[in-house]
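Biologist: I have the file open next to me. Can you walk me through it, starting with the chain contacts?

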Amino acid sequence: MSWRHPERTLKDDSAIDAEDTNRAFKPFVDELSGRLNEHNFAANAFQDDDLADDLAIRTGQEGVYVDAREGTGSLAPGPGYWGYDADIMDVPTSAVWAPVDDLVKVIEVPDGGAMMEVTFSCQTMGYSHSDGPHMQLGIEVDGTVVEEIVNGSTDISSEGQGFWLGGAGVLVPMQVTAIVELGEGTHTIQAVVRNFHPEQQGGSSSTGSGAPPLRRFSHMGSRELILMERAR
Amino acid sequence: MWFKPDAVGDLVSNMRATAEGTLRSVNGPAPYQPQYEGAATFSYGDEVRSVYHARVGYRDILLAVVGDELWEHQGWTRSWRVLLGPASSSPVLEASIPSDGRPRHPIQFESTPQGIIICIPGTRPYFYDGEHIGALGYDQVPGSPQAHGPRSTQSDKSQNWGYVHTGVSGDAADGAWSGEWDAEDHHGMHPMFGYCRIGTLEQFQGTKNTTGGANPLGGTRLKGTWRAATQWVDRWGNRSPRSPSSEQVSCEYVENYTKEAFSTDRVDALRIQVAWSRIAKGPGQTVGRMLLRTKDQLHSGTLKMFEVPPNAAGGTSAFSTLPDNITDLYPDNTPDAWLLVEATDPEIVRSFDVMALFAGRLFVGNLNVDGRVMWSEPGLWGTFDKANFVYPDPSGMRVTGMHATDKGLLVWTEDNTFIVTQSDDGQRFLTALVSSRVGCVAPRSVATLPSGVVVWLGHEGFYAWDGGEPIRISAGIKLLTDTFNQGHVIKAVAAVDQLSEEYRCWVPVDGARDPNLCIIFDGDGNWRRRDDAQVVRGVCVTKDHRRYMITAGQAQKSGSSAEEGVWVLDHETPGFLPPSSRYAVVRTGWVGNSRSHKEKAPIKLLAALVETTNGRLEADLYVNWRLVSVSNNLLVDADDEEAAGWLYTRKDAPLFWGTAVYDGSSHDSQLDVTTTHTWQRRRPFWSNPLDGGGRDAETYMYQLRHNGDFEFDGVIVGEVFRGYTSTGRKSR
């Protein structure tokens with residue numbers, strides 16, 4: 001709790017007055033309303049040990065990190081391909097939202113509810129510039145996708161160009177953010193994705209002698225789900 | 001006879017006007033940095049002499065002067081860092097702040113959009129932007145640059161293409177670009193730089209030149225001279241004084257202009273470029289150097305200096321010719337035609353005693369010792385052009401105060417008041433005399449009431465000004481103003497409270513060396529006083545939503561000795577309760593003083609109060625002009641339920657904190673009525689009558705006092721007339 005200087009502290013034998021009491025609480029209300037200033041916060045004010053006492057922002061995070069440049073120096077387009085990282089996620093073509101591996105957060109919201117900022121960011125990966133990823137990202141709250149903030153287009157002609165990295169793959173960073181208001185209770189925040197590319201049907205093409213067949217799916221590399229709640 | 005809160009005259013002490021129009025006892029003060037349970041004890045360790053709050057951008061900054069150090073508060077870390085001070089305090093910037101306690105102008109702060117100006121009388125001013133602190137402007141002059149030009153002995157050669165300065169000799173060279181150094185370590189300029197740009201050219205008028213040769217192309221370069229100077233630029237845009245002019249650099253007359261000699265038929269080839277070396281590096285917060293140069297002194301028609309732009313087009317980020325404080329050589333290929341901005345000629349920044357922001361400029365007074373007033377360039381608070389000064393008082397009296405108003409800048413000496421206004425074209429400032437008999441003796445006593453009236457402390461008391469002649473408003477408290485310690489009254493400090501809209505001025509009284517009594521003017525002719533803070537050497541009002549009035553000095557917790565600190569008035573924190581014992585006092589004034597030749601007898605007093613606490617007032621009676629109570633505490637035994645003086649009405653008692661139960665109820669056993677506890681407003685009520693005793697008196701006065709929470713709404717006094725008339729004795 002920051003410093004507060006009520007006009008009058010409430011003392012025994014004082015006549016109770018609604019206005020006096022309101023003024024006594026006003027510094028606290030000001031603070032909870034975001035009227036914070038330099039004297040409430042300062043650089044390095046929050047130490048790990050103090051967070052339990054001086055909490056102002058509660059955060060949650062889930063993430064997977066994939067370094068596409070490791071190993072072969074070439075982006076691995078699919079399982080079985082050399083240099084493939086097990087944390088890379090397949091995103092097969094489907095109109096149905098698919099949960100993103102490892103990006104789910106179950107939270108308990110106390111009395112009074114919570115307003116939370118949820119950010120889902122990831123590196124989408126395609127096979128080539130012409131077969132680049134054509135994904136939509138979304139955030140699902142308790143099984144329902146927040147439609148207003150879906151990012152990514154179903155128009156394949158407008159995506160997938162550029163962002164080359166490595167010899168064969170395409171990396172396109174994407175991000176989606178939602179402000180969600182949650183009631184008291186348990187809630188599940190899940191990052192979801194879907195892929196509309198008609199040619200990415202799980203077909204294969206040759207990768208040259210000795211290499212496993214390519215599946216021309218889109219994939220997802222590094223990805224992260226961040227929850228930020230303003231709390232007291 | 002009815003006395004409302006705004007009409008009780010003789011004394012109102014430690015009472016504060018409420019929004020409802022009543023007077024309520026003051027509460028607090030609270031330490032700005034509260035001592036919470038379990039936290040380490042913090043001690044200021046020296047006199048806290050001044051305090052200032054400002055909002056710079058989105059940052060709040062709280063500064064305090066403690067002893068000979070300037071501190072900045074560090075928010076939640078519950079600590080202060082030393083911005084200015086002696087080396088032993090590990091300051092951000094080492095500085096000497098006088099702290100000998102002698103009566104002198106108080107330390108003053110002014111906030112600007114870029115930062116805070118800190119005026120410390122006796123030493124130089126400083127500027128703090130929330131991150132960097134440095135001296136305000138410059139108090140020294142740069143050295144002049146050294147000039148380099150083409151070698152005139154070789155004037156028959158090309159002075160242009162292929163001519164360059166070398167970093168080795170700092171000299172000029174000529175010769176075409178070859179990619180190789182010549183024998184003198186000279187290296188021709190690369191063709192990509194094009195032609196040189198300096199020099200005045202003219203059409204050749206004759207057919208034969210002076211040496212008999214032909215000039216088939218018809219171009220000549222005239223002899224020319226140029227000088228330059230250096231000027232420092234600090235991180236806030238302030239300019240230093242100009243350096244003295246450099247020696248001149250010149251070029252000779254050239255008329256043998258042939259294509260063979262110059263490898264081109266362009267007349268531009270006759271032009272030259274020059275170089276300036278030993279460009280002085282600046283002190284402190286210098287971030288750039290401005291190179292100033294004349295145009296061709298022989299042909300341009302002006303000897304003025306102009307700013308050399310850093311590149312051909314200027315640009316938004318071009319704040320100086322050299323945007324660094326490292327290099328000392330500048331190859332100058334800037335033609336005269338690009339010299340558009342005339343150079344400023346600031347004066348060095350001297351120490352000053354008083355300052356005020358007005359018309360986008362900083363006005364300062366008493367530079368060094370004389371009564372001169374200077375003003376800065378707009379927005380450049382540490383740049384004072386040499387020509388921008390005035391002596392408001394022709395007799396040269398020292399300036400004792402400055403204050404910006406919507407009508408102009410008020411400037412005081414001890415005995416005069418002047419006003420400085422801006423001319424219609426905004427380029428000049430005009431001074432006019434407001435009063436030749438009223439001055440100001442305390443520069444920090446000046447404040448503007450919400451009504452726009454300016455109030456300050458002069459020799460004879462407090463004065464108010466609303467655009468006409470200053471009016472003395474403190475005649476009614478002359479006995480009090482006579483107790484001011486005139487030797488130290490220059491230390492008086494004042495501010496206007498945002499909530500009560502009161503003017504509060506702390507002055508040293510009864511021989512005190514530091515301000516120890518707060519005199520309050522409510523803007524309607526009424527004076528009050530308070531002594532809840534024992535010593536107040538500095539005061540400010542926070543410029544954020546809190547609107548705290550913060551003081552620097554001493555306050556006292558009951559049972560402890562007074563301690564130094566930064567205090568929030570009219571607020572409380574649990575760790576500093578109860579405050580020092582003090583009475584909130586209201587006196588009625590002398591009743592019947594205009595008919596004191598007719599004796600009368602005070603018989604009762606009815607007090608209109610607002611219920612505050614489960615306690616009782618004390619009341620005293622004075623008679624016949626003597627401030628010795630003839631009847632201390634008129635009220636009878638506190639256990640008497642019917643006695644007067646209770647701070648709530650016994651017939652309709654309010655709920656009290658500590659005994660009332662939230663969501664509870666109370667039961668009146670006599671009426672057998674149960675009342676649910678609900679939130680209410682504290683109600684006004686009439687106290688039971690106080691007994692005046694009925695003693696004979698020429699005039700009399702009641703005093704109500706309480707050491708605690710007490711809210712006053714007025715009194716009615718009743719008396720019996722004892723005098724005789726032509727028709728006999730009457731009572732009324």
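**Contacts, confidence and strands**

Modeller: In chain B, 61% of the contacts with a separation of 6 or more are between residues 24 or more positions apart. A contact means heavy atoms within 4.5 Å.

Biologist: What is the figure for chain A?

Modeller: In chain A, residues 24 or more positions apart make up 79% of the contacts with a separation of 6 or more.

Biologist: What should I know about where the numbers come from?

Modeller: This is a predicted model, where local features need pLDDT of at least 70, side-chain atom pairs count only at pLDDT 80 or more, and totals for chains, interfaces and linings use all residues. Residues are numbered from 1 along each chain as its sequence is written, chains are lettered from A and ligands numbered from 1 in the order in which they are written, and side-chain values use heavy atoms, with hydrogens and water left out.

Biologist: What are the scores for the model?

Modeller: The ipTM is 0.70 and the pTM is 0.73. For chain B the mean pLDDT, the predictor's confidence in each residue from 0 to 100, is 84, and 86% of the residues reach 70 or more.

Biologist: Where in chain B is the pLDDT below 50?

Modeller: Over residues 152-181. In the model that stretch has 93 contacts beyond near neighbours in sequence.

Biologist: How many helices and strands are there in chain B?

Modeller: Chain B has 2 helices and 58 strands. Both are DSSP runs numbered from the N terminus: helices are H or I with at least four residues, strands are E with at least two. Chain A has 1 helix and 12 strands, and the helix comes at the start of the order, followed by the strands.

Biologist: How much of each chain is buried?

Modeller: In chain B, 55% of the 732 residues are buried; in chain A, 42% of the 232 residues are. Buried means under 20% relative accessible area, exposed over 50%, and partly exposed in between (1.4 Å probe, protein chains only).

Biologist: Back to strands. What is the strand order in the open sheet of chain A?

Modeller: The order is 3-9-5-6, with 4 strands and antiparallel pairing. Strand 3 (94-109) and strand 6 (144-145) of chain A are at the edges with a single partner strand each, so one side of each has no neighbour in the sheet. Two strands pair if DSSP finds at least two bridges between them.

Biologist: How many bridges join strand 3 to strand 9?

Modeller: There are 9 between strand 3 and strand 9 (residues 185-195) of chain A. One bridge pairs A:V106 with A:T188 in strand 9.

Biologist: Now chain B. Is strand 45 mostly covered or mostly uncovered?

Modeller: Mostly covered: 7 of the 7 residues in strand 45 (residues 535-541) of chain B are buried. In strand 46 of chain B, 6 of the 7 residues are buried.

Biologist: How do strands 45 and 46 pair?

Modeller: Strand 45 and strand 46 (residues 549-555) of chain B are antiparallel, with 6 bridges. The bridge partner of B:V541 is B:M549, and that of B:G538 is B:A552.

Biologist: And which strand is joined to strand 46 by another 6 bridges?

Modeller: Strand 47 (residues 563-568) of chain B, also antiparallel to strand 46. There B:A555 stands opposite B:E563.
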